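Here is a short tour of one structure, written for someone who likes to check angles, burial and pocket volumes against the coordinates. Have your viewer open and follow along.

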Amino acid sequence: MEGLQMVGSGLPTLGLVAVAVALSLYQKLDLERDIGVAVVRSFVQLLAIGYVIDYVFGLQSLGAVAVLLAGMVLFAAWTSARRASGVPRSFWVAAGAIGVAAVATVGVLLFLQIVPSTARYLIPLGGMVIGNSMNTASLTLTRLRDDVAEQRPKVEAALALGATSRQAVSPILRTALQRALIPLIDATKTTGIIFLPGAMVGMIIAGADPLEAVRLQVVVLYMLLGSVSIAAILVGLLSYRSFFTARHQLRATSRG
């Protein structure tokens, strides 16, 4: 009941959602249904994960934490694969990249004893890593797919001149990685000037010392920068070859 009361306390902010719906109707954006689905799904999902996390906290088992994070990785990979429809093996590519990024990043934090190995730290930090890695994987896959389709004549010309698939797609791959990483790099550059990140804001609102909040936020920012870089590079390296046959011939591709 306490969880429902806490979630219910945020229901008055639905007025802001109504504003978004009204603006969509006014501008004929046809986003009203998507906004409604997003609101309902977020409410149900947040409430559900709140109870799941509370249950895992009670178990005090690292195995349960690992299972929960693995489930997050699989759902993130499924989401990225949906976005990147048309890219062969996109689910497995995304799952591998996101999983490695999460294990590597959280593993470093634990090895260096930056955070304790408890569910209270591992679940939220792991969730941040997985969520941001998912976004980066989606951006990389969709950009690769669209640019390969758009620049097909250039890629085929390079192949005809004797280039390997890696050489032919290298400019496209480099651009895809840059565009996938730029949003987080820019956010990291402007932190503390243009906006205050969520972890820091949450701690300050909860009554923590601002300098302590800054310390945690620095850890989160650098953690995310490392994890999305790993995810993006792995997605690029694991996926580009799927656009070509074993003889380095470009497969039929289409933009999403």
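Helix H8 has a kink of about 45 degrees, and the kink is centred on proline 171. Keep in mind that this is a predicted model. H8 covers residues 165-190, 26 residues in all. From its first C-alpha to its last it reaches 37 Å, close to the 38 Å expected at 1.5 Å a residue.

Part of H8 is turned away from solvent. Its buried residues are Ser165, Ala168, Val169, Ile172, Leu173, Ala176, Leu177, Ala180, Leu181, Leu184 and Thr188. Which helices help to cover the buried residues of H8? Among what covers them are helix H6 (119-150), helix H7 (152-160) and helix H10 (210-239). Just after H8 comes glycine 192, with a positive phi of about 90 degrees.

Positive phi values also turn up in two residues that are not glycine, glutamine 60 and arginine 89. As background, most residues other than glycine have a negative phi. The two are set out here:

| Residue | Phi | Place | Relative accessibility |
|---|---|---|---|
| Glutamine 60 | near 55 degrees | loop between helix H3 (32-59) and helix H4 (62-83) | 72% |
| Arginine 89 | about 55 degrees | loop between H4 and helix H5 (90-111) | 52% |

Is glutamine 60 buried or exposed? At 72% relative accessibility, glutamine 60 counts as exposed because the cut-off for that class is over 50%. Arginine 89, at 52%, counts as exposed too, because this value is also over 50%.

Back in H10, which helps to cover H8, you will find valine 214. Why does valine 214 count as partly exposed? Its relative accessibility is 34%, so it falls between the buried class, under 20%, and the exposed class, over 50%. Valine 214 and valine 228 are 14 residues apart in sequence, and their C-alpha atoms are 21 Å apart in space.

Now for the largest pocket, which has a volume of about 1100 Å³. Its lining is made up of 27 residues, and Gln45, Met72, Phe75, Gly131 and Met134 lie nearest the centre. The elements that give two or more residues to this lining are H3, H4 and H6. H6, which also helps to cover the buried residues of H8, provides the largest share of the pocket lining, ten residues. By type, the lining residues divide into 16 nonpolar, seven polar and four charged.

Technical notes
Residues numbered from 1 in each chain as written. Predicted model: local features only at pLDDT ≥ 70, side-chain atom pairs only at ≥ 80, totals over all residues. Heavy atoms only, no water. Helix = DSSP H or I, 4+ residues; strand = E, 2+ residues; numbered from the N terminus. Expected span 1.5 Å × (residues − 1). Bend = angle between axes of the 7 residues up to and from the residue. Buried < 20%, exposed > 50% of the residue type's maximum accessible area, 1.4 Å probe, protein only. Contact = heavy atoms within 4.5 Å. 1 Å grid on protein atoms, 1.4 Å probe; cavity = no way out; pocket = protein on both sides within 12 Å on 5 of 7 lines; lining within 4 Å. Points joined across faces, edges and corners; volume = space filled by probe spheres on them. Nonpolar A, V, L, I, M, F, W, Y, C, P; charged D, E, K, R; others polar.
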